[in-house]
Amino acid sequence: MKTLKIKLALILLLSISVHAESVEALVKKLKLFPASKAMVQWERVFKSERKMKRYKIANLSMQDRERLEEYLINHAIDSDTPTVAGEI
Amino acid sequence: MYKKILFGALLAALSTQSVNAQEQATSIEDLQKEITALKEELKSYSKKQKENRQDIEDLYDYTEKTETLVLQDKLKLSLGYKVNMDNFSKKLADGTEVRNNSVFSSKFMLNIKADIAENMKFYTRFSMYKYWGNGRVHQYSSYDNMQGRVPSVSTLFVERAYFDWFLNREGKLPFALTIGRLPTSDGPSQQFKANTTRKGTYSALLYDGASDGIVGTINLSKVTNYDGTYLRLGYAKGYLYTEQSPYVTNAFIGTDNKNLKDTDVYGIFLDTKFFGMKRSLIQLSYSKMFNVIANQLDPNSKQNTNLGDFSMYGAMLELNDIKETGLDLFTHFGYSQAYPNGNSYANFGSLLSNANETDQKNGYAVWVGTRYALDKKKTVKLGAEYNHGSKNWTSLTQGAFDFYNKLSTRGDAYEAYLIYEINRNADIRIGYLTIDYKYSKSAWFVGESQEIANLTTKDVDRVDSFYLKMSINY
């Protein structure tokens, strides 16, 4: 039990230092709108160098590209969206 | 001599002039050629432009045709499907045991969304939830909050049907009215285990089931400068008294039963983010239910009665994908208070009490859980949950998706599971759940709870369940 607690604390500590810039901040900086495309369309963007240049994604590190792709696909217009009463 | 020089100079001047004239004539000719070529080019360009314009017009026609088709699609459909295989054993208070190695069940959900107007959206969820090879009506599936929520017949129930009406969207205090059969089921933090996004409004420790009502949502994000801050004021009809007279068949509503009052629920809820973390949720709530009805399905019985009032307090915190590490954590707390009025339903007793008792009954519950993605692509997730409920803990979770309504447990429940995503829209979950009931009548409003250890009845003492579930959400 004690070992588990220590492991959990380590994961938490690690989690705090992993990414300097959140993916949300990256999306904002690049002026991207996840809901402007469907999941397949975002996938297409990340498969084309020309399109990545257009969206200024090409210059990002591979890690940031992967984070961004995951985020944009997860928040695409046809993605699984939350269902909550009256949220604007 | 002088004459000769003059003649020579004149000759030289004349010859230079003629060369210049010849050069000029050549350059004019070239220029004319260039002009002709340019004219030709221009002609071909304007021809091309005409063709392009025609193409654009054709393209516009095609786009408009596509747009017309899109605009005709007023309803956006999506589906959900869950197949469950449960292997469980139940130990009863009398020492006997019940086992079943293969309880198969399926839940089908058809979701419909419609953008009625820029300031109005409509949502519906039809549900069918049944055991395999069994068409028997579940005795509780007629309860309003459990329709489509507990395994029963293959009928489609309307689990949700409501609209959001947005007002003052651009103002400092945007406001929304949500009216109809509300999204009061599958709330936070059930989405971790279900491997979906948040699918309900309220903490699943307190509320899980269908309900009809009105919710006013005030978006406080602009005023507080804190994204995702919402204040909700809600009203729901817990029970509407109707009586079907055998003599006047159309007089279904409006009879004058003096013994039964409608059950009404009022609530206030605050949602916000944890220190501005976008993927987090804090929810604080208070709700009160007036005139709790003893049995919704027994309106004509003279023994049926209102048992008193009931209130619930809730607080929860949820952290999703903390710092993008794939770690999710959540904790919920619930506190319930029952105010019995002394009325008794048949010989079952009063609100969490024996007949004629009017002492207030308080209960509490906690629910904590975590989930961690084991791989970079987050296709494999390991999760664990624990919840504890005290002797008088009572919740409105009778419509919970799991067979045992584990969050209503008066005792302890442990669950561990592993999720594997087959593809973007489908996953498999394998898990183990064990519930140790310390007190009887979990999730029941009628009668006093008793310590299981002192009973020799058919009350459930312990449940162990291994399960395998597959879900499709598309």
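In this predicted model, the buried residues of helix α5 of chain A are A:L68, A:L72 and A:I73. Looking down the axis of α5(A), these buried residues sit within an arc of 125°, so they line one face of the helix. That fits a general point about helices: an α-helix has 3.6 residues a turn, so residues three or four places apart point the same way. As for what lies over that face, the cover for the buried residues of α5(A) includes α2 (23-29) and α3 (39-47) of chain A. The helix itself spans residues 62-74, which makes 13 residues. From its first C-alpha to its last, α5(A) reaches 18 Å, close to the 18 Å expected at 1.5 Å a residue.

Stepping back to the rest of chain A, there are 5 helices and 0 strands, and the order from the N terminus reads α-α-α-α-α. Chain A has 88 residues, and 14% of them count as buried. Taking the contacts in chain A with a separation of 6 or more, 69% are between residues 24 or more positions apart.

Chain B is another story. Here the count is 3 helices and 16 strands. The radius of gyration of chain B comes out at 37 Å, well over the 23 Å that the globule rule gives for 474 residues, so chain B is more spread out than a compact globule. Along the principal axes, the C-alpha atoms of chain B fill a box of roughly 155 × 55 × 50 Å. The chain is split into domain 1 (1-68) and domain 2 (79-473), and the C-alpha centres of these two domains of chain B are 83 Å apart. Of the 474 residues in chain B, 34% count as buried. For contacts in chain B with a separation of 6 or more, residues 24 or more positions apart make up 59%.

That leaves the place where the two chains meet. Chain B puts 26 residues into the contact and chain A puts in 18 residues. On the side of chain B that touches chain A, β4 (157-167), β5 (175-181) and β6 (212-219) of chain B each supply at least two residues. The largest share of that side comes from β6(B), with 3 residues. By residue type, the side of chain B that touches chain A is a mix of 10 nonpolar, 9 polar and 7 charged residues.

Note on methods:
Residues numbered from 1 in each chain as written. Chains lettered and ligands numbered in written order. Predicted model: local features only at pLDDT ≥ 70, side-chain atom pairs only at ≥ 80, totals over all residues. Contact = placed C-beta atoms within 7 Å. Helix = DSSP H or I, 4+ residues; strand = E, 2+ residues; numbered from the N terminus. Nonpolar A, V, L, I, M, F, W, Y, C, P; charged D, E, K, R; others polar. Buried ≥ 20, exposed ≤ 12 C-beta atoms within 10 Å, placed from the backbone. Domains from an automatic or database assignment. Rg over C-alpha atoms; globule rule 2.2 N^0.38 Å. Expected span 1.5 Å × (residues − 1). Arc of directions from axis to C-beta.
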